[in-house]
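The exercises below are to be worked with the sequence and coordinates open. Each task is followed by its solution in steps.

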Amino acid sequence: MAGGGGVSSPAGSAPPLWYHRDLSRAAAEELLARAARDGSFLVRDSESVSGAYALCVLYQKHVHTYRILPDEESFLAVQTSQGVQPKRFKTLPDLIQLYLQPGQGLVTTLLFPIEREESTEERDYSDGEDEKPPLPPRTASTSGPNCFTVPQDLSSDCVVAANGLTTISHEYLKGSYALDLEAVKQGSSSLPHLNKTLVSSCKRLHGEVDKVLAGLEILSKVFDQQSASMVSRMIQQSVVQGGDEELENLVTKLAILKDLLSSIEMKALKALQEMSATSPSISPQISTRHTKTIPVQAFEVKLDVYLADLTKIGKSQKYTLSVDVEAGKLVVMRKIRDSQEDWNTFTHDKIRQLIKSQRVPNKLGIMFEKEKDKSQRKDFIFTSAKKREAFCQLLQLMKNKHSKQDEPDMISVFIGTWNMGSVPSPKSMGSWVLSRGLGKTLDEMAVNIPHDIYVFGTQENSVCDKEWVETLRSALRENTEIDFKPVAVQTLWNIKIVVLVKPEHENRISHVGVSSVKTGIANTLGNKGAVGLSFMFNGTSFGFVNCHLTSGNEKIHRRNQNYLDILRLLSLGDKQLGSFDISLRFTHLFWFGDLNYRLDMDIQEILNYINRKEFDPLLKVDQLNLEREKNKIFLRFSEEEISYPPTYRYERGSRDTYVWQKQKATGMRTNVPSWCDRILWKSYPETHIVCNSYGCTDDIVTSDHSPVFATFEVGVTSQFVSKKGLPKSTEQAYIEFESIEAIVKTASRTKFFIEFYSTCLEEFKKCYENDSQNSDNVNFLRLGWSSKQLTTLKPILSDIEYLQDQHLLLTIKSVDGYESYGECVLALKSMIGSTAQQFHTYLSHRGEETGNIRGSMRVRVPSERMGTRERLYEWISVDKDESGVPKGRATIPPRGGHDYVKPSVTRKVAGESGKSGEEGERTTSTRKDDCSQSRTKQDLTESDPTTCKNSYNNPAYYILEGVPNQSAALASEMLLSSALPSMANKLPASAAAGSGKSKAPSVQVHSQCSGRPAAHAISEEGSSEDDCNVGAHSMNRPPPDFPPPPLPKCAVEMTEGTVYPAGNEGKAQIFPDSSKPLPSPGATPPPGSTVSGAFCLETQSILSPPVLQMAKTLSEVEYPAGAVGGGSKGLRGLGVVQEGCRTFPPRPIQEESSGEELSEEAMWQGSSSSSLSVEGSVGEWLQRLGLERYEEGLLHNGWDDLEFLSDITEEDLEEAGVLDPIHKTILLASLRQQQQQKK
């Protein structure tokens, strides 16, 4: 119950059906819109004020919300304008009864109550797996490392007493209560039967207090003789007494215990200080921890050079790279002849940067610092991608170990989840803590490197807390030789979470918080639910959630609701961020556990796919993936690619057999093999996080679930201390907004304001009400704030090194109910500069996407505060001279962090204006885009055509507001599908001719979206689809993460005979003219032009009345996830979307090398220039020939550029795997033809 006057009727019956308790605002609006009758109403709990209600009324298709607030006397009243006397009511039904009458001041009379929907799943008391939920274990939830469990040596009657006063109290109230009442009537001043009841209840407490006092007596004898004698007397007098004397004795003991606990620490400190002053100084022997030293690791590699250089440096290109972490050295050795070797040794400070090839997963470039401040690059091919990652991890460890920084820039985090099946843990869990087994695992050279933080989440864990923590610490000691320290443990029945850290990090952990949420039967039992734990690591916030959701193949909706309940009710993180759910309260949030989502496929088909190790078809019917695609759960969370078999339901004692049938009282139950155990994460934009492993063990067989593990490389920030002190008035940094626009999914038409939260602000700030507001669609509202309405924010520190790590949280709230309609997070890093930068991201509330927001802002940093330094995670970058994305399969479209969108606009690089200010420091702006590329995989896959009700599937959303998105094109094509033949006839001659050509002019777009490359759709074969077809894959996940390139000119160029209105030049302007070159990141836009999205949009023509009419027409249709995707095929059929419509990122500028050094080490020169090639062109060439199967072999052998493929021979092709004589002929003939065309 929300509180206040209450909602029950006078007769004490159930709450009225129009009261929906904790219904969300968005769900309330949806129910009212479904009713579609003026005067429809419902009451829900307020989201902004605890104990208050919200009355929602529908009138003229708009939802009006009135707050119902309780006063000091718990009377309820509708909030009124200032000066108007409110009408007070004792109960909520009485208040509603008044407003059912006309003329009471509301926008309309309350006419039609919207009754709450009784869910059948709420009454379903079978959780699908267990006939009866297990009783909660006799352990206590703990929030610290020193308190883990309740004593277990209690007799059975003591356990009854431990459960509280319930049983004894009931007995007193049923029988003895009347005897005491009779005694009082006869004039008695005592209650003997109640006293007896209290004595019986406190019998255990006597013994516990005596034990504690006995322990404190020892300390008192050492530090405080006076207190010790008093404690001794109390223990001697603690003989069992009767009646009032026994209770008085207990109260006295508790009072003494309270005084002792509050004073003994100060007395001990005083005594030790006196001892240190009088006694000679004795330095205690500090036991040095023995940590496992990392041996020297050697990697066999091959130098990646051009054929032109092979003639100069010889044929021997095999090298050995030896990494000595302890000594901080890298040895590059080349074998010249049988007995001769040539080697170079580089210390850790001479290794400037590692550059990972995005196209070739086993290729790595190393930038070395040579004499005279010159840097040179050398590219190596490792035997596998896993070896490359191990090498990078070792070099990072070496760099971190020998760093001069006091605080780390990057840490490694281990996440483990396991449903233990209510049996004790096995003797050995080494494979779990070392990430060994199936799936994406660490290389053997890196597997023994200990992580900084270990997080273990378990379900159905019957082991008591203290024993479980010691088991985990022992397993880590055995495998790492480090005594990890517990941060906290939290338990809900048999669901546990434990966090352990390296000893050197103990002092870096602060603000530890724990919480739990029950989602079992009727949300009252803890057999299902979640436990959460959060803390700060220096300046970075971490959140961890371990959950066990409802089981059963068919209970998808119930599991979704479990997730939303946990998201809303789990109390973790900064309490000031109450308007934000936990997915926005932490820099990094990890969510894991037995999520219990199953596979929607016949059991025999599942087993056949598993036997063939074909997981892609199974992942396409995975319930969690399908629900995420519909944006119903885990909005914008990330999950690493799954490459291991389903972890449930195995036969205990084996990992060879799945057991999918289980005899229940209700009959035979089928549990198909499924990926129930999962690990997902969500991070703030422009932060560094990389998942290095994701798999399961194959040798722990005590449960019917396999343990799952994931390891992460996470960038962290330190508690920043400015070297220049607090800023002066002239050195103050400012966060300034020029304008903000938001599209909010709501039927309300109230006014709104924005609240700003950040750790870089002393307190939260809010702006004035929006000064523009319009809507041509009843379900959406467009809001606008000009610079006059927006407040200027002043960070507490003005240094760029501090500000580039900060984030700004925004929440849009209504003036009438002060409830949030959407929240988002912005990174300040991309906003730093002398000119305003544009931002564009999505809004969400209670786990649902509720709109999007865009605007223009800048973070103005004084030149005196511009000095910064390179972070360790910026030391490794991704080569951006390659197109496409890594091959592979992602289960759903990308959900990297918040998919923050920053359009490419011209601005002054932050570091440039500070070059003269800080000579000893170097800026990292030239590589800040590189570092964020490694956040997560951005692979796309074909969207599942499952129908989903989501307002953002509606193309009207984009056309209405002029959002640059492919949905507008697809919507246009759908609307005009009946007129396509006539349009084709009326196309201009130039367009018609263009559509008949075999190749369209390519459009080059520079992606500037948080430093991540534009994502391409990945087909089942793993090949990259045309970017123009991306609409077919992203209609179910708007608003867009990356605005796509414009369609070719012929796609939108129409004559006056079409249904599109003529613009100034008689052409439709829904998309920019592709004949005009797009602005590059370094180019200055023309005077008077504006930049929106990733390229310019002519907003005025987009919002022309006929287009709005088209949007309104589209808004009346429900669009399934896959329905609009088919529209792209129609565009292809017209010859509109052609092969040339691809995007290529710009080629990076490489360091120059002096020609004199060629004779000394010619191999440096070849690899340095190789990075200038566009490797994607090889893949396209093969794709055109239909021989893309040979791409991997050619790239592996160094043939990654078409320019040098002309020198390839038949022998080279055979080494690359091209053995078919016909295919060799086709390839060589094609290359010769290209050479002739160049001449």
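pLDDT is the predictor's confidence in each residue, from 0 to 100. The model is predicted, so local features need pLDDT of at least 70 and side-chain atom pairs count only at pLDDT 80 or more, while totals for chains, interfaces and linings use all residues. Residues are numbered from 1 along each chain as its sequence is written, and side-chain values use heavy atoms, with hydrogens and water left out.

**Exercise 1. State the confidence of the chain and examine two stretches with pLDDT below 50.**

Step 1. The protein chain has an average pLDDT of 73, and 63% of the residues score at least 70.

Step 2. Residues 138–166 have pLDDT below 50, yet this stretch makes 43 contacts in the model beyond near neighbours in sequence; a contact means heavy atoms within 4.5 Å.

Step 3. Residues 279–290 also have pLDDT below 50. Beyond near neighbours in sequence, the stretch 279–290 has two contacts in the model.

**Exercise 2. Give the strand order of the open five-stranded sheet and place the helices on it.**

Step 1. Helices (H or I, at least four residues) and strands (E, at least two) are DSSP runs, numbered from the N terminus. Two strands pair if DSSP finds at least two bridges between them.

Step 2. The order is β4-β3-β2-β1-β5, with mixed pairing. The edges are β4 (76–78) and β5 (112–113), each of which pairs on one side only.

Step 3. β1 (residues 40–45) pairs with β5 in the parallel sense over two bridges. In this pair, F41 stands opposite P113 of β5.

Step 4. Helix α2 (residues 92–99) packs on the sheet and touches β1, β2, β3 and β4. The direction of α2 makes about 30 degrees with that of β4; axes are lines fitted to C-alpha atoms, for helices over the stretch in contact, and angles run from 0 to 180 degrees between N-to-C directions.

Step 5. α1 lies across β1, β2 (53–59) and β3 (62–70), running at about 165 degrees to β1.

**Exercise 3. Describe the pairing of β11 and explain why β11 counts as largely enclosed.**

Step 1. β10 (residues 351–356) pairs with β11 in the antiparallel sense over five bridges, and L354 stands opposite I366 in β11. A hairpin of six residues connects β10 to β11.

Step 2. β11 is also joined to β12 (residues 375–382) by seven bridges, again running antiparallel. K363 has I381 in β12 as its bridge partner.

Step 3. Buried means under 20% relative accessible area, exposed over 50%, partly exposed in between (1.4 Å probe, protein chains only). β11 (residues 363–369) is largely enclosed by the rest of the structure because six of its seven residues are buried.

**Exercise 4. Is W468 buried or exposed, and which residues does W468 touch?**

Step 1. W468 sits in helix α12 (residues 465–480).

Step 2. W468 has 0% relative accessibility and therefore counts as buried.

Step 3. Not counting residues up to four places away in sequence, W468 touches M420, S425, M429, W432, T458, N461, V463, K496 and V498.

**Exercise 5. Locate two non-glycine residues with positive phi and a cis peptide bond.**

Step 1. R21 has a phi of about 50 degrees and lies in the segment before α1 (25–35). R21 is partly exposed at 35% relative accessibility.

Step 2. W493 has a phi of about 55 degrees and lies in the loop between β16 (485–492) and β17 (495–501). W493 is buried, at 17% relative accessible area.

Step 3. The cis peptide bond joins Y648 and R649, with omega about 5 degrees. R649 is in the loop between α16 (623–629) and β22 (661–664).
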